[in-house]
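Subject: Structure handover

Hello,

Here is the structure I promised, with the sequence alongside. My notes on its salt bridges follow.

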Amino acid sequence: MSVALSNRFQGGKAFGLLKARQEKRLEEINREFLCDQKYSDEENLPEKLAAFKEKYMEFDLNNEGEIDLMSLKRMMEKLGVPKTHLEMKKMISEVTGGVSDTISYRDFVNVMLGKRSAVLKLVMMFEGKANESSPKPAGPPPERDIASLP
């Protein structure tokens with residue numbers, strides 16, 4: 001797929017087209033989940049799927065629609081939860097059911113919407129709550145005098 005793009009386009013244009021194709025594929029999968037009766041009672045499903053798509057695209061380093069071991073490693077490090085290769089292989093196996101070495105978008109959404117508490121789901125939820133609950137103060141720190149120090 002990317003070979004055909006590189007013949008006509010180069011650099012940013014080819015990358016933009018690749019990302020647009022990936023987003024279109026993920027959007028089609030999101031529509032399947034929206035039409036699926038199994039998830040009809042899920043609260044705020046369109047918003048959740050949009051957030052999942054955004055996160056998935058951020059960590060799909062090879063733009064092939066799958067998160068591999070190195071992409072997962074980058075994700076965990078960026079979230080501040082570095083894992084060993086063995087732990088990450090276990091996470092991938094848990095998400096895919098041991099069928100694959102990469103996490104597809106369908107697997108990712110199934111885990112995030114599922115009732116099962118997978119490690120990946122817990123980390124992603126933790127990251128979202130951490131960003132919401134602790135806004136960083138803006139501006140310079142307040143002035144303090146010696147008496148107020150511990």
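E58 and K78 form a salt bridge, with the closest N and O atoms 2.6 Å apart. E58 sits in helix α3 and K78 in helix α4 (residues 69-78), so this pair ties together parts that are 20 residues apart in sequence. Please keep in mind that this is a predicted model.

How exposed are the two partners? K78 is exposed, at 52% relative accessible area. That puts K78 in the exposed class because the cut-off is over 50%. E58 is partly exposed, at 28%.

E58 has another partner. Its side chain also meets that of K55 in a salt bridge, at 3.7 Å from N to O. Which helix holds K55 and E58, and how far apart are they in it? Both lie in helix α3 (residues 45-59), 3 residues apart, so about one helical turn separates them. K55 has a relative accessibility of 22%. K55 therefore counts as partly exposed, since buried would require a value under 20%.

Now to helix α4. K73 and E77 form a salt bridge there, and their closest N and O atoms are 3.0 Å apart. The two residues are 4 apart in helix α4, which means a separation of about one helical turn. K73 is partly exposed, with a relative accessible area of 23%. E77 is partly exposed too, with a value of 43%.

There is also a network. E23, E27 and K53 are joined into one by salt bridges that share partners.

How many salt bridges are there by the rule used here? The count comes to 6. Among them are E58 with K78, K55 with E58, and K73 with E77.

Last, the annotation. UniProt lists residues 47-82 as "domain: EF-hand", and the entry is unreviewed. In the model, this span is 64% helix and 6% strand. The C-alpha atoms at its two ends lie 28 Å apart.

If you open the model, I would start at E58. Look at its bridge to K78 in helix α4, then at its bridge to K55 within helix α3. After that, go to K73 and E77 in helix α4.

Best wishes

How values were computed. Residues numbered from 1 in each chain as written. Predicted model: local features only at pLDDT ≥ 70, side-chain atom pairs only at ≥ 80, totals over all residues. Heavy atoms only, no water. UniProt positions renumbered as here; feature names shortened; annotations may be inferred. Salt bridge = Lys/Arg side-chain N within 4 Å of Asp/Glu carboxyl O. Buried < 20%, exposed > 50% of the residue type's maximum accessible area, 1.4 Å probe, protein only.
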